Amino acid sequence: MMSAERPPATLRLRIDGSALSQNWQVLDRLSGSARAGAAVKADAYGVGIDAATAALVGAGARDFFVAHWSEVPPLLEYVPGEQIAVLHGIGNAREAAFARALGVRPVINSVHQAAIWNEAGGGPCHLMVDSGINRLGLPLSDLGAEPIARLQVHTLMSHLASADEDSAKNDQQLAAFRDAIAAVPAREYSLANSAGIALGSDYAFDLTRPGLALYGGIPRPELAGQIRQVVFPEAAVMQIRELGPGDSVGYNARFVAGQNMRVATVSLGYADGFLRARGPGGVLLHQDCELPILGLVSMDMIVLDCSALPQLREGDFLQVPFDLPGVAEASGFSQYELLTTLGHRFERVLQSG
Ligand SMILES: *Cc1c(COP(=O)(O)O)cnc(C)c1O
């Protein structure tokens, strides 16, 4: 029998849709009188734009943030253009024309961007002011510029540099943002990301912009116990073999067996975002049984010691630990990096309920 139907992948990303919905609802509630939006840039932080947006729209989210114009078309399947904000704004007339044709709102970041938008005919937009991160955003000293005065600003926003720390910078940015509010008329105001929501109601204004915490990240201890894990990666065992004393494993023979052992080769490698730094001391799980990683992580595979699990079979799926704060702590990668480097070979499976 021949079938051109694509066989199931040996890498799965189970997305717990109800955890994602609940995380949005928790963040919406913690935002007090403000409503929570959702940052879905970078393919919803690696979770997958389709799975994530379906769950977020179902939960009640209305305001979506991406960085690039290329990220807009997939989102338009779920939400109207006016509910989509493009954080990088516009750098040329083609981007402005695209925004206007789709009714998507650019986040204007500079006098230069404002002039391009006005020149293209303008319309509702958002304005990002830089209150101290010195990255992307209008310097406060440019608030009075003529192209800025001509904008129809729907949401005036700013972005916190250190919301995940107890830093004096948070108060300073809050004060600077209040100065901007006094200077620019807008329909709504927005300052807080995930960590900013945990800083309290002073930071909430009308709209919050969580990203990380939607997907199970915990940027501040206040959110622990409230945010649930959303992403559950799983990888299949492809081969099981026996090693004897002196047999080495993988490139550069970085692991050498000291005794007889049973090892499993698993379909997960650095091309899937499982970078080499996560090898030493790392494990995959079979239910509660920890299987240590041996030797270097390859592009498409890793090898595990499965001596403790004689019942393990080729084709079985193993769980990749992905409680974000814990894995970040152990690996040295940020929770953001762990999510956004998840590769394209995972089959993303949305599980709701
Ligand atoms: C990415 C981003 C967010 C979301 O931040 P998290 O820390 O992931 O919650 C909010 N606002 C802006 C401007 C962003 O670039």
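These exercises, each with a worked solution, cover rings, a helix, an arginine and cysteines.

The model is predicted: local features need pLDDT of at least 70, side-chain atom pairs count only at pLDDT 80 or more, and totals for chains, interfaces and linings use all residues. Residues are numbered from 1 along each chain as its sequence is written, and side-chain values use heavy atoms, with hydrogens and water left out.

**Exercise 1. Aromatic pairs**

Work out how W69 and F98 are arranged, and which parts of the chain they tie together.

Solution.
- Start with the rule. Rings of Phe, Tyr and Trp (its six-membered ring) pair if their centres lie within 6.5 Å. Planes under 30 degrees apart count as stacked, over 60 as edge-to-face, and the rest as tilted.
- Next, the count. The rule gives 4 aromatic pairs.
- Now the geometry. The ring centres of W69 and F98 are 6.1 Å apart and the planes meet at 80°, so this pair is edge-to-face.
- Then the location. Helices (H or I, at least four residues) and strands (E, at least two) are DSSP runs, numbered from the N terminus. W69 sits in the loop between β4 (64–66) and α4 (72–76), and F98 in helix α5 (residues 93–102), so the pair ties together parts 29 residues apart in sequence.
- Last, burial. Buried means under 20% relative accessible area, exposed over 50%, and partly exposed in between (1.4 Å probe, protein chains only). W69 is buried at 9%. F98 is partly exposed at 33%.

Do the next pair, F177 and F205, in a similar way.

Solution.
- The centres are 5.0 Å apart and the planes are at 85°, which makes the pair edge-to-face.
- F177 belongs to helix α8 (residues 168–183) and F205 to the loop between α9 (194–197) and β11 (207–208), so parts 28 residues apart in sequence are tied together.
- F177 is buried, with a relative accessibility of 0%.

**Exercise 2. Helix α1**

Which residues of α1 are buried, and what covers them?

Solution.
- Check the length. Helix α1 (residues 17–30) has 14 residues and reaches 20 Å from its first C-alpha to its last. That is close to the 20 Å expected; the expected span is 1.5 Å times one less than the number of residues.
- List the buried residues: G17, A19, L20, S21, N23, W24, V26 and L27.
- Find the cover. It includes β1 (11–16), β2 (35–36), α3 (49–59), α9 and β20 (347–351).
- Look past the end. G32 follows α1 and has a positive phi, near 65°.

**Exercise 3. R228**

Place R228 and name what it touches.

Solution.
- R228 is in the loop between β11 and β12 (231–243).
- At 32% relative accessibility, R228 is partly exposed.
- A contact means heavy atoms within 4.5 Å. Leaving aside neighbours within four places in sequence, R228 contacts D16, S18, A19, Q22, N23 and G216.
- The side chains of R228 and D16 share a polar contact of 3.4 Å. Such a contact is a pair of N or O atoms within 3.5 Å; within protein, one must be able to donate a hydrogen and the other to accept it, and residues adjacent in sequence count only if both atoms are side-chain atoms.

**Exercise 4. Cysteines**

How many disulfides does the whole structure hold?

Solution.
- A disulfide is a pair of cysteine sulfur atoms within 2.5 Å.
- The search finds 0 disulfides.
- Test C306. The closest cysteine sulfur, in C289, is 9.1 Å from its sulfur, too far for a bond.
- C306 is buried, at 0% relative accessible area. C125 is buried too, at 0% relative accessibility.
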